[in-house]
Amino acid sequence: MKIWLASNAASGSSNEALMDRIRRLIAADSNTIVRESDCRADPLPTKADVDAAGATHLVVLGGDGTLNSVLSRMQGWRGQVLPLPGGTANLLCRGLHGDDDPEAIVARFLGGELVTRRVPCVRGTECLALAELLAGPGAKWADVREEMREGDLARIVESASEAAGESVSGAAVRVARPAVGREEGYPGVRLSPWPGGVRIQGYGGDGVVDLLKQGLAILGRDFRDGPHDDLGEHAAVTLRSTDGQAIELMADGERLTGGPIEEFSLAELDVDLLGPPT
């Protein structure tokens, strides 16, 4: 196999020692790494790039945001992509591989134990989410997450305070279609891809705002665990800002700004991922 090895040196659990072990595993099996790239320092690979390099497989070590950025650009590629958990939450990789570590996944890949999979995603007009999308002022969580990555505790507290303020004062987001959930909307609406449709969850004050007020306690918490309303699974979802202003978004951990009305639907990611047989 000819492999393009991409990583993100800034991802939560990625490091050079792990990368070196992965290189050794690949080399020991008489495969060829035709190119390496760091998604933080180098341009993100495109279909044309990997084809020009003669790669048959793309191996990506990174968090959900890194995988989103790379896979969004690889849609329609006829090779195979192996996502490896190199971030903090690793929601996509956990969905594929459970809690297995990158080296165990690579070993199974090289041993021919993995099969191609097409996974569902949440697709919007300008973005897609492989694992989750959070809409509303609660999406400021991503700003805190970036400070957590840098490890600056003082800045983490400052960002958490700013995010809490935005969540309290920012316009809520209402689920307009289907008409489900609170009429006054939520500080955070979470969308995630499920086989039966886009799963909708609405997070109110106890789920997002109070969490963001906790400053340093945010280091050990996850907004997904907070109280929320389960609003079902639907083929398509329309979200509307209650004040007509832009909707803040967090797609797989990465911050975006949408319009006052955003439409999302369940779709299939147009690239073959490698995972264990179901």
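Biologist: How much area does the protein expose, and what share of it do carbon and sulfur atoms supply?

Modeller: This is a predicted model, where local features need pLDDT of at least 70, side-chain atom pairs count only at pLDDT 80 or more, and totals for chains, interfaces and linings use all residues. Residues are numbered from 1 along each chain as its sequence is written, and side-chain values use heavy atoms, leaving out hydrogens and water. Accessible areas come from the Shrake-Rupley method with a 1.4 Å probe, and for residues only the protein chains shown count as cover. The protein exposes about 11900 Å², and the share from carbon and sulfur atoms is 47%.

Biologist: What percentage of the residues is buried?

Modeller: Buried means under 20% relative accessible area, exposed means over 50%, and partly exposed lies in between (1.4 Å probe, protein chains only). Of the 278 residues in the protein, the buried portion is 48%.

Biologist: How many helices and strands does the protein have?

Modeller: Both are DSSP runs numbered from the N terminus: helices are H or I with at least four residues, strands are E with at least two. The protein has eight helices and 17 strands.

Biologist: Among contacts between residues at least 6 apart in sequence, what percentage joins residues at least 24 apart?

Modeller: A contact means heavy atoms within 4.5 Å. For contacts between residues at least 6 apart, the portion joining residues at least 24 apart is 72%.

Biologist: How many salt bridges does a search of the whole structure find?

Modeller: A salt bridge is a side-chain nitrogen of Lys or Arg within 4 Å of a carboxyl oxygen of Asp or Glu. Searching the whole structure gives a count of 15.

Biologist: Which residue forms a salt bridge with Arg24?

Modeller: The partner sits four residues away in helix H1 (residues 16–28), so about one helical turn separates the two. Arg24 is exposed at 58% relative accessible area, whereas the partner is partly exposed at 31%. Glu16, Asp20, Arg23, Arg24 and Glu36 are linked in a network of salt bridges. With closest N and O atoms 3.0 Å apart, the partner of Arg24 is Asp20.

Biologist: Which residue pairs with Asp270 in a salt bridge, and where does that residue lie?

Modeller: The closest N and O atoms of Asp270 and Arg118 are 3.0 Å apart. Asp270 lies in the loop between strand E16 (261–268) and strand E17 (272–275), so the pair ties together parts 152 residues apart in sequence. Asp270 is partly exposed at 31%, as is Arg118 at 32%. The partner, in the loop between strand E5 (115–117) and strand E6 (120–124), is Arg118.
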